[in-house]
Amino acid sequence: MKKIKRNPLEGKNITVGVTGSIAAYKSADLVSKLVQVGANVSVIMSKNAENFVGKNTFEALSHNPVITNYFENFSDMNIDHVHLAKNSDLIIIAPITANSIAKISHGITDDPITGTISASKSPVILAPAMDAGMYENNVSKNLKSLDKNRFCILEPQIGRLASGITGKGRMVDPNFILENAMLLMSKTGDLKTRKIIISAGGTREFIDPVRYIGNKSSGKMGYAIATAARDRGANVSLFSAKNISLPVPLGVINHYIETSSDLEKTILPNAESSDIIFMAAAVCDFKPKNIEINKIKKNPKENNFNIELEKTSDIIKQLKNKNITKIAFAAETENIIENAKIKLKEKNLDMIIANDVSREDIGFNSDNNQVTLIQKNGSITELPVMPKTELAHILLDETISLIS
Ligand SMILES: Cc1cc2nc3c(=O)[nH]c(=O)nc-3n(C[C@H](O)[C@H](O)[C@H](O)COP(=O)(O)O)c2cc1C
């Protein structure tokens, strides 16, 4: 099986600059996370940053020597002071001080961080951290002078600052910096020109204002596909059930829906211009024919209560554009493959992903899944149990081979 490229930072050369802010300790976490996702990280510290965190911390985390000035003998900078500038796919300065922002915006290059940025053409992420007054007075003006096409500025957050006051100056969370790095580096992925539509979660079909018919879908599979597609450069739109508590992947456009008819009305106009559609949502097959305006009361004289149900409409069957690659899930509890084959044909899909939702260890709400892929041409591939995040990449690999 083809090697799965799990994330766009794998194998990338990333230079992390750390400057003299109290938030410098947070960049240790960032470096650790970057290394964990497979990036090759080189750290440069400003002289003042060393007052906050020792360079040994970054050396241990990055497995690379840390540069603190141009003239250290161990580093290639001694011979070629722009060597990191030439070799970095991405530069991240986190935290960046008011002082270093001023230097960058005025072209000053008296240290290896500002020098590397100045000599490089790679994208740069800046995560400022400082006192709120400093940020308001000069820094926002200096940041505005930077080229928007190259510098991605992650504005500081409002919160309690090291000075004890509350204001705008806290460096963003390292996870958010990582997500932004992923998004920036995903642009050249194998799905870069593709528009992908994904539905996720379970619909709710209302009986009255407070009661509904629903299902156990958590949205995890749809969100895993959205994240994987985003990481591979696709233009991704999610249509997810309102009750999903998962964070929407950065860079993905999300539309919240609740009922099957919400989903139908929202997804169809967007889907017509897409290249690929993944119906990962568990759309209820039936809905109450009438929704009571007021909460239904218990009648003391009646033991039974009947609700008349009608079929919900088949969303994927309504797509007019014949060029869209259509993929759906078949959540089954019996005769899994046979039932999925019928659905594949009925809905005229390119591929169906059959999963056994009667098993507790896989399917709904689990982090793992075990599926069988059935393609239009009759080919059947049974996959082993694996994390949904991994399965998402295999599904995208299969989709790419379907398109080509
Ligand atoms: C305890 C302490 C905390 C500081 N925190 C910040 C900060 O969060 N942001 C900032 O812009 N400057 C901060 N400074 C001031 C910078 O360290 C100072 O401007 C220095 O010149 C920055 O140099 P550099 O940009 O080369 O690292 C702090 C100084 C001290 C003593």
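Visitor: What makes aspartate 190 and arginine 232 a salt bridge?

Guide: Their closest N and O atoms are 2.9 Å apart. A salt bridge is a side-chain nitrogen of Lys or Arg within 4 Å of a carboxyl oxygen of Asp or Glu, so the pair at 2.9 Å qualifies. Bear in mind that this is a predicted model, where local features need pLDDT of at least 70 and side-chain atom pairs count only at pLDDT 80 or more, while totals for chains, interfaces and linings use all residues. Residues are numbered from 1 along each chain as its sequence is written, and side-chain values use heavy atoms, with hydrogens and water left out.

Visitor: Why is aspartate 190 called partly exposed, and why is arginine 232 called buried?

Guide: Buried means under 20% relative accessible area, exposed over 50%, and partly exposed in between (1.4 Å probe, protein chains only). Aspartate 190 has 45%, so partly exposed it is. Arginine 232 has just 6%, so that one counts as buried.

Visitor: What other salt bridge does arginine 232 form?

Guide: Arginine 232 also pairs with aspartate 397, with the closest N and O atoms 2.6 Å apart. Arginine 232 sits in the loop between H8 and S11 and aspartate 397 in helix H11 (residues 388–403), so the pair ties together parts 165 residues apart in sequence. For the record, helices (H or I, at least four residues) and strands (E, at least two) are DSSP runs, numbered from the N terminus.

Visitor: How do you know that lysine 242 is exposed?

Guide: Lysine 242 has a relative accessible area of 53%, which is over the 50% mark, so exposed is the right word. Lysine 242 also forms a salt bridge with glutamate 258, at 3.6 Å between the closest N and O atoms.

Visitor: On to the ligand. What makes serine 46 a polar contact of the ligand?

Guide: An oxygen atom of the ligand is 2.6 Å from an N or O atom in the serine 46 side chain. A polar contact is a pair of N or O atoms within 3.5 Å (within protein, one must be able to donate a hydrogen and the other to accept it, and residues adjacent in sequence count only if both atoms are side-chain atoms). The serine 46 pair therefore passes. Serine 21 offers a side-chain N or O atom at 2.9 Å from a ligand oxygen, and a backbone N or O atom of alanine 129 lies 2.8 Å from a ligand nitrogen.
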